[in-house]
Amino acid sequence: MLPIGSRTDETAQFLLSDPLKDIFNHIDLHQDEFVAQLKTWLAVRSDSSDPALRGEVIRMMQMAAEWMKTLLGAEVQLVELGTEKLSNGESLLLPPVILAVLGSDPEKPTVCFYGHLDVQPAQKEDGWATDPYTMTEINGNLYARGATDNKGPVLAWLHAVKTYKALQKDIPVNLKFVIEGLEETGSDGLENLLKSKEAFFTNVDYIVISDNVWLSRKPALTYGTRGNAYFFVEVEGAKKDLHSGTFGGITHEAMTDLVALLAKLVDPSGRILIPGIYDDVAPLTEEEKKLYENIEFDLEEHKNATGVTKFRQATKEEVLLHLWRYPSLSIHGIEGAFYATGSKTVIPAKVTGKFSIRQVPNMKPDVAEKKVIKYITDEFEKLKSPNKLSVTMAIGALPWMANIKDPQYTAARRAIEKVFGVSPDMIRDGSTIPIAKTFQTMTKKSVMMLPIGGADDGEHSQNEKISRTNYIQGTKLFAAFFMELPKVHQQTVVQQT
């Protein structure tokens, strides 16, 4: 299915006098080559969560670095991150980070692109219709692990650069690249590396991330993500698991205490019950509210795609508000409890509940941490249980927001209009992409998310894919963005002088 407004080869003739015409034609003519290259990269099992596959992640980084050196002429560094210690005490080499530079013309704006080449775990027996590491094209969709998250977008960006080089056209911007191999497991070592390479960012004007997807079939620009505060609630009772026939009814059970505490976190409407948790949430302005009115989002289609029969909210606007700019609390699981098939009459000695609170502007995880610990501790005291309670925050990631009036958002809008013939939806993302906030805080530069993946691409899920259309049109989008950015950048410079 074509994205809304997607231009076919025939309708692309609108570019007869446009300087992008040759570039778009080249991309169309070489799309099979671009797809074949993607297939090669997708065949690498670069699962960063599996120590046994760490060598494959490193090989993927080396392949990409060599490709960028040879075919783009970029100056490429493979920067080592050292090692990590596994739970068994062994040390494991961390995959290197690619830092690359292409162009240093002081008259041009400089754009830094971030992407990653590691992937989530995937096995055929997980429910995949095809081998997850053998890219298979079905009905115009390219199925494989990493197709949309994130090898497809990374290659689309690189192919856009390669197209300028192939046509011997001057690239209108200077380019820098930060490409890593540990995003799916928390980007271990990346923030420290970036801080140590401060000089790399001194002349960077804009940072672009293409590691998320559209909301619908309509192209989109993302200007915000939620943060995350992830908690462990541990309740410990007896020194060992007990038989429920021998001890049931006479002991204070850890599981019963934990379930009682988890039940106090959120009510059936989804409202978080922790006192003061909404105090710092930024108020909804009329200007922001209007952004939601014209966003394309089909509630029924979204329900059907997820198998959900009913949302808590009735309107598109309310659903999106609760998905993007209000906090939410989700209970994820209980460690230490019996969960296998069959029956087992055990009383667990120690159980750990896991839940998270998605953070929104102007919330701060450390503030949420204090409120959560106090509330759960107070509720535990009401149980009058002799069991031991421990509450810890395992992850504290801040939300990220961009200014949609920044020059690169204007340039991206224009590029989308040239490629797809429609104005993009301005969207936020309910998930957490910590690197956006890291770049924003560290560099003080404008950060933008420019996705090319479709809403139904299934990142992290079985049968992940990217459509051939999105992959090829996304390549054109990046090429057009290179051309549009200097125009608005120059206007901004003139206005500031």
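User: How is the handedness of a helix crossing defined?

Analyst: A crossing is left-handed if the near helix is turned anticlockwise from the far one by less than a right angle, and right-handed if clockwise. In this predicted model, the crossing of helix H1 over helix H4 is right-handed.

User: Which residues of H1 and H4 make the contact?

Analyst: On the H1 side they are Ile23, His26 and Ile27, and on the H4 side Thr163, Tyr164 and Ala166. These contact residues comprise 4 nonpolar, 2 polar and no charged.

User: At what angle do H1 and H4 pack?

Analyst: Helix H1, residues 21-29, packs against helix H4, residues 147-166, at about 115°, and the two axes lie 10 Å apart. Angles from 65 to 115 degrees count as roughly perpendicular. H1 is therefore roughly perpendicular to H4.

User: I should like to turn to the strands. Which strands pair with E8, and in what sense, parallel or antiparallel?

Analyst: Strand E4, residues 97-102, is joined to E8 by 5 bridges, and these two run antiparallel. Within that pairing, Leu99 stands opposite Val178 of E8. Strand E5, residues 110-116, pairs with E8 in the parallel sense through 7 bridges. There, Cys112 has Lys176 of E8 as its bridge partner.

User: How many residues of E8 are buried?

Analyst: Buried means under 20% relative accessible area. In strand E8, residues 174-180, 7 of 7 residues are buried. Both faces are covered: one side carries Asn174, Lys176, Val178 and Glu180, while Leu175, Phe177 and Ile179 are on the other.

User: Is Val76 buried or exposed?

Analyst: Val76 belongs to strand E1, residues 75-79. Its relative accessible area is 16%, so Val76 counts as buried.

User: What does Val76 touch, leaving aside its neighbours within four places in sequence?

Analyst: With those neighbours left aside, Val76 is in contact with Ala65, Met68, Lys69, Ile98, Leu99 and Ala100. Leu99 is the residue already mentioned as standing opposite Val178 in E8. Ile98 is 22 residues from Val76 along the chain, and the C-alpha atoms of these two are separated by 6.8 Å.

User: May the reading be repeated for Asn228: where is this residue found, and which residues does it contact beyond its neighbours within four places in sequence?

Analyst: Asn228 is found in strand E11, residues 227-236. Because its relative accessibility is 8%, Asn228 counts as buried. Beyond those sequence neighbours, Asn228 is in contact with Ser356, Ile357, Arg358, Gln359, Ile395, Gly396, Ala397 and Thr432.

Note on methods: Residues are numbered from 1 along each chain as its sequence is written. This is a predicted model: local features need pLDDT of at least 70, side-chain atom pairs count only at pLDDT 80 or more; totals for chains, interfaces and linings use all residues. Side-chain values use heavy atoms; hydrogens and water are left out. Axes are lines fitted to C-alpha atoms, for helices over the stretch in contact, and angles run from 0 to 180 degrees between N-to-C directions. Helices (H or I, at least four residues) and strands (E, at least two) are DSSP runs, numbered from the N terminus. Angles under 35 degrees count as roughly parallel, over 145 as roughly antiparallel, 65 to 115 as roughly perpendicular and the rest as oblique. Contact means heavy atoms within 4.5 Å. Ala, Val, Leu, Ile, Met, Phe, Trp, Tyr, Cys and Pro count as nonpolar, Asp, Glu, Lys and Arg as charged, and the others, Gly among them, as polar. Buried means under 20% relative accessible area, exposed over 50%, partly exposed in between (1.4 Å probe, protein chains only). Two strands pair if DSSP finds at least two bridges between them.
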